[in-house]
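Colleague: Please walk me through this model, and take a close look at one part that you pick yourself. I'd like one connected story rather than a list.

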Amino acid sequence: MKEEDFIRKKYGSGNPFKVPEGYFEQFTSELMSKLPEKERKPVLSMPSRQRTRMRTVWYAVAAALCGAMFLGTYYLQSVIHPHGESPVAQYEETIETEDIYMDDVLDYAMVSNHEIALYLTDVY
């Protein structure tokens, strides 16, 4: 505290800084003249901003459609094959049931196994 009192007695409590007369009248023009020239970058115009937004919207729509197609395909697969059976397994079951009737057809047509073997080996 003693130092502060000494300073106040010697220099006073007023503001020691003073602004010269007319300093702020030409301040802006002088400051602007001292700054180096910079290349001005063009500000995005409104149409290009709209173009960017539209592109973003189209990407969002495309992503939503891809997701919908994926989920639709997954749903249809679960409806068509509800218990996880693959189409190959169903095809094999169909072949087994058709094989049962094949023997009856061959017996009716009087085709022997020997004739079938000859036909398959192109010796016929």
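**A close look at the aromatic cluster and its surroundings**

Modeller: Start at helix α1, which spans residues 2-11 and is hardly covered: of its 10 residues, the number that are buried (under 20% relative accessible area, with exposed meaning over 50% and partly exposed in between, using a 1.4 Å probe and protein chains only) is zero. Bear in mind that this is a predicted model, where local features need pLDDT of at least 70 and side-chain atom pairs count only at 80 or more, while totals for chains, interfaces and linings use all residues. Residues are numbered from 1 along each chain as its sequence is written, and side-chain values use heavy atoms, with hydrogens and water left out.

Right after α1 comes Gly12, with a positive phi near 90°.

Now the part I picked. The structure holds three aromatic pairs (ring centres within 6.5 Å, taking the six-membered ring for Trp; planes under 30 degrees apart are stacked, over 60 edge-to-face, the rest tilted). One of them joins Tyr23 and Phe24 edge-to-face, with 5.2 Å from centre to centre and 80° between the planes. Ring pairs tie Tyr23, Phe24 and Phe27 into a cluster. Is that cluster buried or exposed at Tyr23 and Phe24? Tyr23 counts as partly exposed because its relative accessible area is 41%, and Phe24 counts as exposed because its value is 57%.

Those rings also sit in a nonpolar surface patch of about 710 Å², made by Val19, Tyr23, Phe24, Phe27, Leu31, Met32 and Leu35. Met32 belongs to helix α2, residues 27-34, and is exposed because its relative accessibility is 56%.

How does the rest of the chain look? The protein has five helices and zero strands (DSSP runs of H or I, at least four residues, or of E, at least two, numbered from the N terminus), and its pattern along the sequence reads α-α-α-α-α. Buried residues make up 2% of the 124 residues. The accessible surface comes to about 12900 Å² (Shrake-Rupley, 1.4 Å probe), and carbon and sulfur atoms account for 62% of that surface.

As for how far to trust it, the mean pLDDT (the predictor's confidence in each residue, from 0 to 100) is 79, and 79% of the residues reach 70 or more. Among the elements, α2 has the highest mean, 88, whereas helix α4, residues 87-109, has the lowest, 68.

Further along, the loop between α4 and α5 holds Met110. Phi of Met110 is near 55°, positive in a residue other than glycine, and Met110 is exposed because its relative accessible area is 70%. Helix α5, residues 113-120, is hardly covered, with zero buried residues among its eight. Just after α5, Asp122 takes a positive phi of about 60°.

Notes:
Patch = residues over 30% accessible without salt bridge, like charges linked within 9 Å, V, L, I, M, F, W, Y side chains within 5 Å. Salt bridge = Lys/Arg side-chain N within 4 Å of Asp/Glu carboxyl O.
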